[in-house]
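Please look through the sequence and the model shown here before reading on. The paragraphs below go from the whole chain to the sheet, then to the packing around it, and end with some details of the backbone.

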Amino acid sequence: MASLPDHSPFSCATQGDGARIGVVLSHGFTGSPHGLRAWAQSFADAGFAVRMPLLPGHGTSWQELARTRWQQWHAALDEAYLDLDSQCDHVFVAGMSMGGALALRIAATRPVAGVVLVNPALVIDDPRAPLAGILKLVLKSTPAIANDILKPGVDEGAYPRTPVAAAHEMNKMFKDTIRLLPRVTAPVRVFRSTVDHVVSDSSIVALRRGLTHAPLTLTALENSYHVATLDNDAEEIFRGSVEFLRTVAEEAAPADAPATDLLQKGTTHD
């Protein structure tokens with residue numbers, strides 16, 4: 001019998017005696033920390049401090065999500081960032097899908113060390129998106145696009161319906177985030193599935209155009225769909241993310257700082 005999705009937030013302190021590296025993660029629209037829990041655990045196992053909040057309106061019901069605003073999602077992630085920033089030497093942000101857009105917002109407004117994204121969303125290709133503000137008055141929800149996972153038998157635990165009012169909020173947030181992209185200066189690492197039935201390449205095009213002051217590295221995932229953190233390429237994402245954080249933190253360290261302080265192996269986290 002499959003276990004029920006765990007929607008609870010994830011939090012872990014730094015492990016070891018080296019430089020304190022923290023990472024804040026954001027799940028996607030209609031999802032929850034369940035879809036990113038193994039990713040968060042990989043950061044914890046590497047010795048990093050981790051915060052992954054449950055975004056307002058998520059992990060409960062789609063009707064509750066319909067009553068939330070995008071500023072609440074941003075505020076939850078920003079609060080998690082400020083918590084780690086008070087404790088760590090280097091704080092990174094990471095996210096999947098809509099969570100990628102939220103991570104980019106933090107990177108545009110806070111001095112983050114770096115950004116890691118998995119199939120980030122910045123554009124809604126549905127032709128109904130511009131009309132969502134009107135449609136929400138007569139159409140409460142639509143069928144969800146969930147569990148876009150190549151690996152069989154995996155459930156991301158997302159809502160079965162998509163609230164139109166919340167989709168309207170997300171579309172507004174995407175447009176405002178694209179406006180902020182030129183403010184991002186920290187290095188950005190993107191893991192992108194070659195087949196994604198949820199987020200099209202329009203989002204990657206918008207990301208490339210907007211990141212005018214930040215280095216961007218893109219890694220193709222050949223064996224996963226949209227929810228790649230639960231799919232066949234998950235381990236590649238986990239290894240590559242940890243390597244990225246360590247490399248960026250090492251390069252940002254003072255010249256007289258011992259390299260071993262930043263490259264320690266993390267202890268096992270229960």
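The accessible surface of the protein comes to about 12,100 Å², and carbon and sulfur atoms account for 53% of that surface. The model is a predicted one, and its chain forms 8 helices and 9 strands. Of its 270 residues, 53% count as buried. Among contacts with a separation of 6 or more, 74% are between residues 24 or more positions apart.

A good place to begin is the sheet, which is open, has 7 strands with mixed pairing, and follows the order S1-S3-S2-S4-S5-S8-S9. At its edges are S1 (10-12) and S9 (216-221), each of which pairs on one side only, and from one strand to the next the twist averages 15 degrees. The edge strand S1 is joined to S3 by 3 bridges, and these two strands run antiparallel; here Phe-10 has Met-52 in S3 as its bridge partner.

Strand S2, which covers residues 21-26, is mostly covered, with 6 of its 6 residues buried. Ile-21, Val-23 and Leu-25 point one way from S2, while Gly-22, Val-24 and Ser-26 point the other way, and all of these residues are buried. On one side S2 pairs with S4 in the parallel sense over 6 bridges, and Val-23 has Phe-92 in S4 as its bridge partner. S2 is also joined to S3 (residues 49-52) by 3 bridges, again in a parallel arrangement, with Gly-22 standing opposite Ala-49 of S3. Between S2 and S3 the chain passes through helix H1 (residues 37-45), and this β-α-β crossover is right-handed.

Helices pack against this sheet. H4 lies across S2, S4 and S5 and runs at about 150 degrees to S4, whereas H8 (residues 234-252) touches S2, S4, S5, S8 and S9, with a direction that makes about 170 degrees with that of S8.

What lies between these elements? In soluble globular proteins, nonpolar side chains tend to be buried together. In this model the largest nonpolar core has 47 residues, and those with the most contacts inside it are Trp-73 and Met-98. The elements that give two or more residues to this core include helix H3 (70-85), strand S4 (90-96), helix H4 (98-109) and helix H6 (164-180), and the largest share, 8 residues, comes from H4. Leaving aside neighbours within four places in sequence, Trp-73 is in contact with a set of residues that includes Phe-29, Leu-55, Met-98, Leu-102, Ala-166 and Met-170. A second, separate core of 33 residues includes Trp-39, Phe-43, Val-50 and Val-242.

Finally, there are backbone details in two loops. Ser-97 is found in the loop between S4 and H4, and this residue has a positive phi of about 60 degrees although it is not a glycine. Is Ser-97 buried or exposed? Ser-97 counts as buried because its relative accessibility is 11%, under the 20% limit for that class. Asn-147 is found in the loop between S6 (141-143) and S7 (161-163), and its phi is near 55 degrees, likewise a positive value in a residue other than glycine. Asn-147 has a relative accessible area of 34%, and is therefore partly exposed.

Key
Residues numbered from 1 in each chain as written. Predicted model: local features only at pLDDT ≥ 70, side-chain atom pairs only at ≥ 80, totals over all residues. Heavy atoms only, no water. Helix = DSSP H or I, 4+ residues; strand = E, 2+ residues; numbered from the N terminus. Buried < 20%, exposed > 50% of the residue type's maximum accessible area, 1.4 Å probe, protein only. Contact = heavy atoms within 4.5 Å. Areas by Shrake-Rupley, 256 points an atom, 1.4 Å probe, with all protein chains shown as cover. Core = buried A, V, L, I, M, F, W, Y, C linked by side-chain atoms within 4.5 Å. Pairing = 2+ DSSP bridges. Right-handed = clockwise from strand over helix to strand, strands pointing away. Axes fitted to C-alpha atoms, helices over the stretch in contact; angles between N-to-C directions.
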